[in-house]
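Me: I have a structure open beside its sequence and would like to talk it through. Could you take my questions one at a time?

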Amino acid sequence: MLAQVRSGPKTKRSQVHPGVSPLNAVASRNTSFQPLPRPLGLPPYHYDLAAKFPNIGPITNRMVFHVVGDTGGVKDGEFQDMVAHAMIEEAVAGGPNKPQFCYHVGDVVYFTGMHDDYYAQFYEPYAHYEPPILSIPGNHDGEVDDPDAQTSLDGWVDYFMQAHPDVDPISKDAPRVQLDLPNVYWTLVTPLATIVGMYTNVPEHGSVDSNQQQWVTHEFATAPTDRALILSLHHPIYSFDKFHSGSSKMADVLENAIRDTGRVPNLVLTGHVHNYQRIEQTIAPSGPTPFIVTGNGGYHNLHKLHSDPGESADDTGAVLKYGTDTTWGFVTLTIDKQTISGVSTEIQKDGTVGQGDSFSYPARPITLDNSKAVPTL
């Protein structure tokens with residue numbers, strides 16, 4: 001139909017649609033499922049933080065790290081620069097709250113993750129951010145406009161997934177040694193938490209194949225039972241925004257993993273929606289599971305919320321506990337043997353920096369007595 005556009009999500013809901021996604025030729029035009037690059041090694045694609053980065057010091061009783069998403073300042077780099085500057089300030093301040101690394105939940109570079117865009121949107125903004133920046137890819141990292149000019153995820157792979165890490169000449173005056181992440185979906189192994197990072201590909205609301213679903217379930221089943229379990233993925237399972245909303249397809253992935261293993265994540269980290277939200281959903285009798293949306297890391301256009309804190313979604317029962325759609329920022333997570341606590345940093349359009357949300361949840365492992373009783377997510 002001439003002049004057709006993609007329809008927006010309904011208000012008072014936390015997922016854009018139940019069950020199978022309706023086919024939409026307009027929405028699917030440039031966002032088809034993309035093939036994955038070859039992993040650097042064999043499953044289960046584990047990456048040991050202490051072994052890879054001994055210089056960050058021993059992690060025994062406490063771990064602090066930044067979480068940020070959707071950072072690429074493609075249209076206006078001012079907001080990404082403000083966020084990066086605030087992160088650098090925390091990193092150089094030292095003390096007990098100094099971050100040991102950064103975990104990026106995807107959309108490092110807009111709009112199609114091209115290698116040539118990495119200087120302006122990655123290397124230069126974080127030139128003085130010394131902790132390692134780890135990442136899962138987002139949809140824009142994998143999107144391809146011209147198959148003759150690039151392959152999906154080639155820019156992301158060129159920094160984050162190199163068998164022999166070196167300094168890419170494209171980094172110019174902001175050199176940063178590449179990483180050797182084992183795959184586009186991978187698990188970060190730390191003494192205090194296991195972070196299972198998915199790649200939810202390019203289609204709107206995400207898509208994973210049967211191999212990745214099997215892998216996620218395996219990681220839940222084999223995750224150590226003496227520490228917290230965190231799931232990270234780019235597309236959010238729940239969101240109270242007016243542009244993207246949450247994904248029932250990604251909810252199915254998590255629900256299947258819990259049903260098959262009984263293990264419930266202590267925290268779910270996501271991006272994609274350009275704002276900050278903390279959402280709670282009841283999965284286990286011991287207490288609510290927090291779902292964080294941290295997609296306000298620098299992209300210029302923020303997505304408006306349709307609900308206020310305290311309101312629950314009509315479709316899923318998920319509850320919005322905190323949200324902001326007018327500030328950019330990031331989250332600082334602190335994990336010890338008892339708790340996972342977090343603080344969001346909020347940056348106004350004029351550059352004013354302040355504290356936003358703060359939260360604390362138990363870090364003890366969560367396992368359902370009857371895994372088949374997992375609710376519909």
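**A walk through the model**

Me: Let's start with His 205: is it buried or exposed?
Reply: Happy to help, and please keep in mind that this is a predicted model. The relative accessible area of His 205 is 9%. Buried means under 20%, so His 205 counts as buried.

Me: Where does His 205 lie, and what is its phi?
Reply: His 205 sits in the loop between strand 6 and helix 6 (210–222). Most residues other than glycine have a negative phi. His 205 is not a glycine, yet its phi is positive, at about 75°.

Me: Leu 153 has a positive phi too; what is its value, and is the residue buried or exposed?
Reply: Look in the loop between helix 4 (139–142) and helix 5 (154–160), where Leu 153 is found. Its phi is near 70°, a positive value in a residue other than glycine. With 0% relative accessibility, Leu 153 counts as buried.

Me: Which residues does a cis peptide bond join in the segment before strand 1?
Reply: Most peptide bonds are trans. In the segment before strand 1 you will find Pro 44. Omega is about 15° at the cis bond there, and the residues it joins are Pro 43 and Pro 44.

Me: And what is omega at the cis bond between Tyr 110 and Phe 111?
Reply: Phe 111 is found in the loop between strand 3 (101–104) and helix 3 (118–123). A cis peptide bond joins Phe 111 to Tyr 110, with omega about -5°.

Me: Now the sheet: which strands stand at its edges?
Reply: The open sheet has eight strands in the order 1-5-6-7-9-11-10-12, and its pairing is mixed. A strand at the edge has a single partner strand, so one side of it is left without a neighbour in the sheet. From one strand to the next, the twist averages 20°. The strands at the edges are strand 1 and strand 12 (319–324).

Me: Which residue of strand 6 is the bridge partner of Leu 188?
Reply: Let's follow the pairing from strand 1 (residues 46–48), which runs parallel to strand 5 (residues 186–189) and is joined to it by three bridges. Tyr 47 has Leu 188 as its bridge partner in strand 5. Strand 5 then pairs with strand 6 (residues 193–197) in the antiparallel sense over four bridges, and the two form a hairpin with three residues between them. Across in strand 6, the partner of Leu 188 is Ile 195.

Me: Which residues touch the most other members of the largest nonpolar core?
Reply: In soluble globular proteins, nonpolar side chains tend to be buried together. Here the largest nonpolar core has 103 residues, and those touching the most other members are Leu 134 and Trp 156. The element giving the most to this core, with eight residues, is helix 2 (residues 78–93).

Me: What does Trp 156 contact beyond its neighbours within four places in sequence?
Reply: There is a good list to look up in your viewer. Among the contacts of Trp 156 are Val 108, Tyr 118, Ile 136, Asp 141, Met 161 and Leu 181. Gly 113 and Asn 183 are also in contact with Trp 156, and so is Val 184.

Me: How far apart in the chain are Asp 180 and Lys 52?
Reply: Side chains of opposite charge can pair when their charged atoms come close. Asp 180 and Lys 52 meet in a salt bridge at 2.9 Å, N to O. Asp 180 is partly exposed at 21% relative accessibility, and Lys 52 is partly exposed at 39%. The pair links the loop between helix 5 and strand 5 to helix 1 (residues 49–52), and the separation is 128 residues.

Me: Which residue is linked with Arg 278 and Glu 280 in a network of salt bridges?
Reply: Arg 278 and Glu 280 meet in a salt bridge at 3.8 Å, N to O. Both Glu 280 and Arg 278 are buried. The network that links them also includes Asp 357.

Me: Last one: which residue's backbone oxygen does the side chain of Ser 371 reach?
Reply: Ser 371 is placed in the segment after strand 16 (366–367), and it is buried with a relative accessible area of 16%. Ser 371 touches residues including Ile 258, Thr 261 and Gly 262. The backbone oxygen that its side chain reaches, at 3.0 Å, belongs to Arg 259.

Technical notes
Residues are numbered from 1 along each chain as its sequence is written. This is a predicted model: local features need pLDDT of at least 70, side-chain atom pairs count only at pLDDT 80 or more; totals for chains, interfaces and linings use all residues. Side-chain values use heavy atoms; hydrogens and water are left out. Buried means under 20% relative accessible area, exposed over 50%, partly exposed in between (1.4 Å probe, protein chains only). A polar contact is a pair of N or O atoms within 3.5 Å; within protein, one must be able to donate a hydrogen and the other to accept it, and residues adjacent in sequence count only if both atoms are side-chain atoms. Contact means heavy atoms within 4.5 Å. Two strands pair if DSSP finds at least two bridges between them. Axes are lines fitted to C-alpha atoms, for helices over the stretch in contact, and angles run from 0 to 180 degrees between N-to-C directions. A nonpolar core is a set of buried Ala, Val, Leu, Ile, Met, Phe, Trp, Tyr and Cys residues joined through side-chain atoms within 4.5 Å. A salt bridge is a side-chain nitrogen of Lys or Arg within 4 Å of a carboxyl oxygen of Asp or Glu.
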